[in-house]
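Work through the exercises below with the structure open beside you. Try each task before you read its solution.

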Amino acid sequence: MLISCVAYQDGRKIADIPSEDISEYVTRSECFVWVALFEPSSEELDEMAEQFGLHELAVDDARHGHQRPKIEEYGNSLFAVLHTIEPEKAADGSDVFNTGEVDIFVGANYVLTVRHRTHIGFAAVRARSEREPELLKNGAGYVFYAVMDDVVDRYFPVIDALETELESIEEQIFERNAARSNIEALYELKQKLMVLKHAVEPLMEATGRLYGGRVPQICAGMNEYFRDVYDHLNRIHTSLEGIREMLTTAISVNLGMISLADSEVTKRLAAWAAIIAVPTMVAGIYGMNFEHMPELKWWFGYPLAIGAMLVADAYLYYRFKKSEWL
Amino acid sequence: MLISCVAYQDGRKIADIPSEDISEYVTRSECFVWVALFEPSSEELDEMAEQFGLHELAVDDARHGHQRPKIEEYGNSLFAVLHTIEPEKAADGSDVFNTGEVDIFVGANYVLTVRHRTHIGFAAVRARSEREPELLKNGAGYVFYAVMDDVVDRYFPVIDALETELESIEEQIFERNAARSNIEALYELKQKLMVLKHAVEPLMEATGRLYGGRVPQICAGMNEYFRDVYDHLNRIHTSLEGIREMLTTAISVNLGMISLADSEVTKRLAAWAAIIAVPTMVAGIYGMNFEHMPELKWWFGYPLAIGAMLVADAYLYYRFKKSEWL
Amino acid sequence: MLISCVAYQDGRKIADIPSEDISEYVTRSECFVWVALFEPSSEELDEMAEQFGLHELAVDDARHGHQRPKIEEYGNSLFAVLHTIEPEKAADGSDVFNTGEVDIFVGANYVLTVRHRTHIGFAAVRARSEREPELLKNGAGYVFYAVMDDVVDRYFPVIDALETELESIEEQIFERNAARSNIEALYELKQKLMVLKHAVEPLMEATGRLYGGRVPQICAGMNEYFRDVYDHLNRIHTSLEGIREMLTTAISVNLGMISLADSEVTKRLAAWAAIIAVPTMVAGIYGMNFEHMPELKWWFGYPLAIGAMLVADAYLYYRFKKSEWL
Amino acid sequence: MLISCVAYQDGRKIADIPSEDISEYVTRSECFVWVALFEPSSEELDEMAEQFGLHELAVDDARHGHQRPKIEEYGNSLFAVLHTIEPEKAADGSDVFNTGEVDIFVGANYVLTVRHRTHIGFAAVRARSEREPELLKNGAGYVFYAVMDDVVDRYFPVIDALETELESIEEQIFERNAARSNIEALYELKQKLMVLKHAVEPLMEATGRLYGGRVPQICAGMNEYFRDVYDHLNRIHTSLEGIREMLTTAISVNLGMISLADSEVTKRLAAWAAIIAVPTMVAGIYGMNFEHMPELKWWFGYPLAIGAMLVADAYLYYRFKKSEWL
Amino acid sequence: MLISCVAYQDGRKIADIPSEDISEYVTRSECFVWVALFEPSSEELDEMAEQFGLHELAVDDARHGHQRPKIEEYGNSLFAVLHTIEPEKAADGSDVFNTGEVDIFVGANYVLTVRHRTHIGFAAVRARSEREPELLKNGAGYVFYAVMDDVVDRYFPVIDALETELESIEEQIFERNAARSNIEALYELKQKLMVLKHAVEPLMEATGRLYGGRVPQICAGMNEYFRDVYDHLNRIHTSLEGIREMLTTAISVNLGMISLADSEVTKRLAAWAAIIAVPTMVAGIYGMNFEHMPELKWWFGYPLAIGAMLVADAYLYYRFKKSEWL
């Protein structure tokens with residue numbers, strides 16, 4: 001679906017243009033065209049490929065989607081694949097990550113963005129860019145930066161949510177009886193982490209090649225902007241690694257807590273077993289049928305036996321309490 | 001076994017040729033010859049080595065098979081070893097991976113593929129290539145790409161199968177009583193993962209040298225194609241690393257679940273032990289033979305005792321239920 | 001809030017200047033201006049940006065804070081973000097790390113430090129620098145070094161505190177009954193470690209580019225000073241890695257100690273169960289109601305039975321003591 | 001002990017020569033001398049050092065043995081240390097690895113091999129080389145390759161043995177009651193793995209410098225041969241890493257199996273305890289001495305009680321069987 | 001404390017000189033001065049700094065000690081920090097590592113060694129060097145090598161001790177009842193390992209820059225000597241990594257052994273519980289007070305009951321023995 005197709009000159013929008021006229025504007029060196037597609041049909045992509053002269057392999061990637069994040073040079077043009085991550089409620093009420101994909105074709109005077117499975121578009125980016133003509137004057141490279149920056153900035157709330165989840169697990173990791181829910185939460189967090197990691201890490205690696213060293217022509221003169229994107233990705237990466245390491249530790253610690261809890265159950269089992277077994281043994285003794293058991297005839301034999309049981313149990317209870325088995 | 005031996009010119013098949021004529025076609029710079037062998041005898045290989053002038057060390061590798069994936073330059077020719085992975089039913093009904101090997105000799109105007117222990121050949125690749133003469137015009141380098149691409153693309157369904165397996169384990173990792181089957185499934189998955197890893201990683205490393213930097217003569221001008229293969233391998237590699245990391249976590253979590261289950265058994269053991277032991281203790285007490293035990297003479301002594309037992313047990317049951325020991 | 005704003009010439013303070021005059025001093029090549037801000041308002045930052053001609057992206061970073069440590073070149077100026085870590089008592093009495101941020105803008109003849117969420121300022125650094133005019137003569141680069149050195153040196157007592165904590169955990173890691181408090185302490189230590197790690201590691205990486213190789217103009221001729229800072233960071237990094245590795249080992253060992261403790265509880269449970277069960281069994285036997293049980297009629301039957309029980313238990317006790325189950 | 005000392009010219013043996021004449025042959029540029037020593041005395045080494053003009057540090061290394069594998073350049077000569085690994089039966093019947101050492105001095109026209117603690121010599125290599133004069137013509141570099149290749153090829157059966165061991169452990173890792181023997185076997189395998197790893201990895205690193213990039217003079221023109229050795233080492237390295245990773249996983253899994261087994265024991269303990277405790281409780285109740293217990297007087301009271309016990313136990317048994325506790 | 005201060009010329013000692021004369025000898029290009037200090041006062045260091053013209057930052061490091069190992073260039077001079085490790089008996093009789101520090105200042109014609117907290121000095125190195133004037137002729141660089149070589153060689157017995165400790169742990173890791181002492185020994189070994197690791201690894205990294213590539217002026221022409229030191233450090237590093245990996249495995253294995261031992265205790269508990277509970281149950285049954293229990297009247301009822309108990313227990317005992325629960 002074609003979302004918008006606009007020609008710009010000198011940092012200012014000159015016209016919404018029909019897609020048939022794209023090739024005409026693209027050939028005018030002082031203009032650039034910015035086209036946005038959302039889940040395009042194969043025919044729409046083919047038309048764009050023709051209008052912009054896109055490389056067959058890149059178009060194939062955009063057609064099939066499900067690529068890993070990357071930034072590739074095809075001659076003087078760039079092809080970038082970014083992942084978007086949108087937290088959603090699953091049908092069963094749990095939080096899940098909806099992974100979308102944004103494919104960007106950038107040439108000397110065009111930018112084509114193709115969104116797959118992602119709700120949020122780039123209208124806001126376009127509006128902001130149009131308000132800053134002095135920056136938009138930089139052309140396709142700047143638009144490329146603006147879109148990347150927008151996608152990357154959307155990762156921050158996701159990371160924050162993961163950190164909050166980790167903290168809420170950490171708060172109850174030393175609680176008794178929380179081991180099962182903790183372990184499930186830790187595993188789920190790890191799964192989400194991996195989704196984010198797969199979105200961020202290949203992109204960080206690729207972005208590192210857009211500033212410093214040999215830079216693609218299109219990004220020339222915008223080093224500081226792309227370094228800023230890289231720096232944001234690096235910050236996310238650092239947070240991810242931090243969460244990952246704490247997760248590993250938390251899983252170990254949780255295992256320890258499970259063992260500790262088990263140990264405590266065994267102790268309580270042992271303590272109560274003793275408290276019940278001792279009177280049972282005493283009762284067993286006075287249940288023996290020997291003819292000559294003088295205690296059995298004493299008036300106070302029975303209360304004495306019960307008393308002995310109680311004293312023994314009181315002592316045991318005190319001992320177990322003291323050693324924290326109970 | 002010789003599968004096929006075809007000479008091409010200008011991107012089009014000119015003839016099926018007998019293997020004796022190979023050297024004649026190879027010397028014509030406008031032609032190239034594409035030969036496919038399947039588990040060749042030592043003599044067949046020797047003949048090919050002579051016809052194409054292959055390097056002794058490479059021929060030795062192809063003869064013995066069981067090489068690790070690699071791409072080596074011998075002067076102006078290349079020798080590549082790829083692994084194929086075909087899921088199969090083992091004799092005992094379990095899923096196993098059948099690892100085959102494809103050795104490829106590529107020269108300025110010849111391609112020789114040698115398959116070992118793999119069912120699927122390259123007839124489809126050949127057919128597709130012949131339908132695209134404008135690409136096949138690129139000669140041996142393109143054929144090399146097409147074969148690699150085909151082998152690499154066959155890894156995707158295997159990876160998908162592994163991911164599906166992981167997901168099905170994840171679905172029951174928090175189920176009670178599934179620990180044993182989970183642990184077996186996790187270990188088996190790990191074994192399969194290692195097979196795939198050994199096929200993919202050395203190849204990825206080697207493919208990285210076929211584009212960018214100093215590129216072997218044969219692959220010149222096809223940078224974007226080999227980068228595409230590299231990108232596919234990288235994607236597989238990322239998936240493998242993801243599965244691997246989740247596997248490690250899953251094994252830890254499974255260990256936690258085993259401990260948790262053990263803990264729950266201990267709790268239930270303890271609870272039922274208490275519920276049985278308390279009446280036993282009471283019965284023991286009224287089984288004592290003291291002469292002066294007034295309760296024994298009461299009319300309602302027996303029902304009272306039984307009642308006390310039931311009340312105690314009901315209370316215990318309630319407490320254990322509440323604290324989830326039962 | 002503007003803390004101070006001083007112009008220096010030839011290594012000596014010439015005047016406290018009002019912030020409006022900054023741009024005037026900055027243009028005089030023999031002077032440099034050192035301004036210190038603490039949690040500035042957006043307007044204060046904007047004014048500074050104008051006076052010094054700071055880059056928009058850097059100012060944005062300083063405005064929002066919460067950056068990862070980094071050192072970036074913007075043309076001939078540098079922008080550095082450092083983290084400060086100040087141990088504090090939390091509301092609930094536990095030790096926590098208060099992470100602050102210091103942003104430093106350095107140009108040919110100015111230094112601007114911006115502190116966020118950190119109590120300790122750089123008055124001491126300024127005083128020390130003013131006492132050493134022969135060093136301060138080096139200008140903005142030296143001030144940059146002095147501030148970095150001060151921030152980095154403040155990490156050492158923090159690291160020492162972590163090492164002391166680790167040692168105190170290690171002292172009781174093989175104590176019985178300390179497993180729960182140990183595991184909590186280990187996890188808390190790990191959390192603190194991660195905070196420090198996030199402050200130190202990106203900075204170390206960035207500092208490595210301030211000496212050797214291509215050095216930013218501002219730091220030229222001060223190689224040995226920045227190498228010294230790098231060396232300090234590296235020392236901290238090595239300590240962190242050491243603590244981290246010991247923590248991982250300690251968590252494993254702690255898990256082992258928990259299992260060992262559990263095992264010991266089971267042994268004691270088993271031992272006492274046996275000691276109680278054996279007399280109970282004997283008592284049960286002599287509680288049977290067979291008519292023909294000659295022992296029941298013996299005078300010494302009862303004491304004999306009791307004696308047998310005592311002997312059996314004494315033997316069991318001795319055996320269990322010997323095998324250390326008790 | 002001097003094993004052999006032979007002079008070669010043009011790829012052919014010209015004479016067995018006494019060690020005193022070495023220096024004479026070495027000066028003739030068309031010849032090269034290949035000397036083999038086995039556990040030489042210090043004097044023998046000194047003589048060789050003089051004859052060949054070996055570097056003091058290299059000779060010291062060869063004298064003391066117990067070096068790590070390495071390949072060092074001393075001017076125009078090379079000094080290589082390789083490890084040999086020979087599986088042996090230890091005195092107590094267990095399989096152990098006997099680690100030997102081969103030191104190789106290679107110069108423009110000499111090769112000196114020194115074996116320590118290794119049974120198998122290089123007579124076979126020498127014989128094979130002498131049968132291929134066209135290769136031996138390459139001189140000392142070729143001999144160096146041939147010896148390295150021989151040593152490296154001897155690692156393959158060792159690796160195969162380790163893989164077989166791993167497989168045999170894997171076959172019984174999910175067997176009940178095999179945990180103890182598995183864990184011992186896994187640890188032993190790990191120890192053997194480390195021996196092999198220490199032999200292979202430093203050597204791989206060193207061999208990587210013998211082809212591609214700046215190659216030592218002696219190995220010039222033999223790139224493909226040394227790359228082949230490197231490739232073999234890399235293959236071994238990949239196998240080692242694979243075994244290592246599976247070992248780590250197997251140890252985790254084994255730990256899980258131990259916990260599972262423990263859990264199963266606890267379940268059976270609990271089940272049988274219940275089956276015994278219920279009749280004991282019932283018997284206890286009818287062992288009470290209340291005067292008014294009508295059941296005690298019923299004719300069918302006793303069989304009824306026994307029957308109730310049996311029914312209860314049958315029910316419990318059925319339940320435990322169903323939930324697989326028994 | 002000044003230990004010695006000697007001037008050398010042409011590889012030979014010319015005089016013990018007073019420290020005031022140092023600067024005079026240092027200016028003579030054909031001489032070099034070798035000074036050894038032991039825990040010098042601040043004044044002694046200041047004097048040396050003046051005499052030799054040492055860099056302030058390096059002198060500061062030497063003054064405060066507790067540096068990490070490093071080798072730094074200051075103009076044409078070098079400053080090295082090495083750690084010494086001396087095993088000692090602690091006050092409580094345990095083995096501990098005493099970590100000392102050796103700071104070395106090396107210039108074109110001076111060497112200054114400063115020892116902290118280390119008992120063993122360099123008198124032996126000096127004596128050996130003086131016996132080899134042809135090597136000592138190389139000047140300060142050679143002395144630097146000789147001291148480094150001496151310090152590094154002292155690591156070998158320490159490593160050997162660690163390996164011996166590891167082996168002695170390995171010998172009893174599968175012993176029953178050794179888990180607690182093993183785990184303590186493993187942890188202690190890990191602590192020692194870390195001490196050594198911190199001494200060796202930074203030094204190895206630093207030494208790697210003293211040969212090959214751009215070499216500091218002072219070490220020029222001594223490539224092979226410093227490579228030898230590097231090689232020794234590398235060997236130690238490899239051993240450390242080996243010990244470290246085995247330690248990790250051993251801790252896992254130990255955890256498995258603890259679980260196994262626990263499992264065995266549970267089995268024995270279960271077995272004995274059954275053996276005691278069965279007669280108790282039988283006795284309970286014949287302790288019931290039913291009026292109509294024909295067995296109670298049989299002459300042989302009692303011995304039959306006892307017999308039944310014995311038979312049941314014998315059978316249980318046999319079964320448990322067979323399944324190795326006992």
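**Exercise 1. Aromatic pairs**

Task: State how many aromatic pairs there are over all chains, then classify the pair of Tyr187(D) and Phe174(E).

Solution.
Step 1. Take the rule. Rings of Phe, Tyr and Trp (its six-membered ring) pair if their centres lie within 6.5 Å; planes under 30 degrees apart are stacked, over 60 edge-to-face, and the rest tilted.
Step 2. Count. In this predicted model, the rule gives 80 aromatic pairs over all chains.
Step 3. Classify. The ring centres of Tyr187(D) and Phe174(E) are 6.0 Å apart and the planes stand at 75 degrees, so this pair is edge-to-face.
Step 4. Place the two residues. Helices (H or I, at least four residues) and strands (E, at least two) are DSSP runs, numbered from the N terminus. Tyr187(D) sits in helix α8 (residues 179–207) of chain D. Phe174(E) is in the loop between α7 (155–171) and α8 (179–207) of chain E, and the pair crosses between chains.

Two notes on the conventions. Residues are numbered from 1 along each chain as its sequence is written, and chains are lettered from A and ligands numbered from 1 in the order in which they are written. Because the model is predicted, local features need pLDDT of at least 70 and side-chain atom pairs count only at pLDDT 80 or more, while totals for chains, interfaces and linings use all residues; side-chain values use heavy atoms, with hydrogens and water left out.

**Exercise 2. Salt bridges**

Task: Find how many salt bridges there are over all chains, and say where Lys70(A) and Asp231(B) lie.

Solution.
Step 1. Apply the cut-off. A salt bridge is a side-chain nitrogen of Lys or Arg within 4 Å of a carboxyl oxygen of Asp or Glu.
Step 2. Count. There are 115 salt bridges over all chains.
Step 3. Check the example. The side chains of Lys70(A) and Asp231(B) meet at 2.6 Å, N to O.
Step 4. Locate both ends. Lys70(A) belongs to strand β4 (residues 70–74) of chain A and Asp231(B) to helix α9 of chain B, so the pair joins two chains.

**Exercise 3. Symmetry of chains B and D**

Task: Work out which rotation superposes chain B on chain D.

Solution.
Step 1. Superpose. The fit is by least squares on the C-alpha atoms of residues with pLDDT of at least 70 in both copies.
Step 2. Read the result. Chain B goes onto chain D by a rotation of 72 degrees, with 0.0 Å of shift along the axis and an RMSD of 0.1 Å. That is the relation of a five-fold axis.
Step 3. Look along the axis. Gly287(B) comes closest to it among the residues of chain B, with its C-alpha at 4.7 Å.
Step 4. Compare the surfaces. Only 15% of the interface residues of chain B are also interface residues in chain D, so the copies meet through different surfaces.

**Exercise 4. The interface of chains B and D**

Task: Describe the contact between chain B and chain D by its residues and its buried area.

Solution.
Step 1. Count residues. With contact taken as heavy atoms within 4.5 Å, chain B brings 52 residues and chain D 47 residues.
Step 2. Take the area. Buried area is the accessible area (1.4 Å probe) that two parts lose on being put together, summed over both. Here it is about 4500 Å², and carbon and sulfur atoms give 63% of it.
Step 3. Name the main contributors. Arg180(B), Tyr187(B) and Tyr302(B) lose the most area to chain D, together 19% of what that side buries.
Step 4. Add the salt bridges. The interface holds six. One of them links Asp231(D) and Arg68(B) at 3.7 Å, N to O.
Step 5. Sort by element. On the side of chain B that touches chain D, α9(B) gives the most, with 16 residues.

**Exercise 5. Chains C and A**

Task: Repeat the analysis for chain C and chain A.

Solution.
Step 1. Superpose. A turn of 72 degrees with a shift of 0.0 Å along the axis lays chain C on chain A, RMSD 0.1 Å.
Step 2. Find the residue of chain C closest to the axis. This is Gly287(C), with its C-alpha at 4.7 Å.
Step 3. Count the contact. Here 52 residues of chain C touch 47 residues of chain A.
Step 4. Take the area. The two chains bury about 4500 Å², 63% of it on carbon and sulfur atoms. Arg180(C), Tyr187(C) and Tyr302(C) supply 18% of the area that chain C buries against chain A.
Step 5. Finish with charge. Six salt bridges lie between chain C and chain A. Arg227(A) forms a salt bridge with Glu72(C), the closest N and O atoms being 4.0 Å apart.
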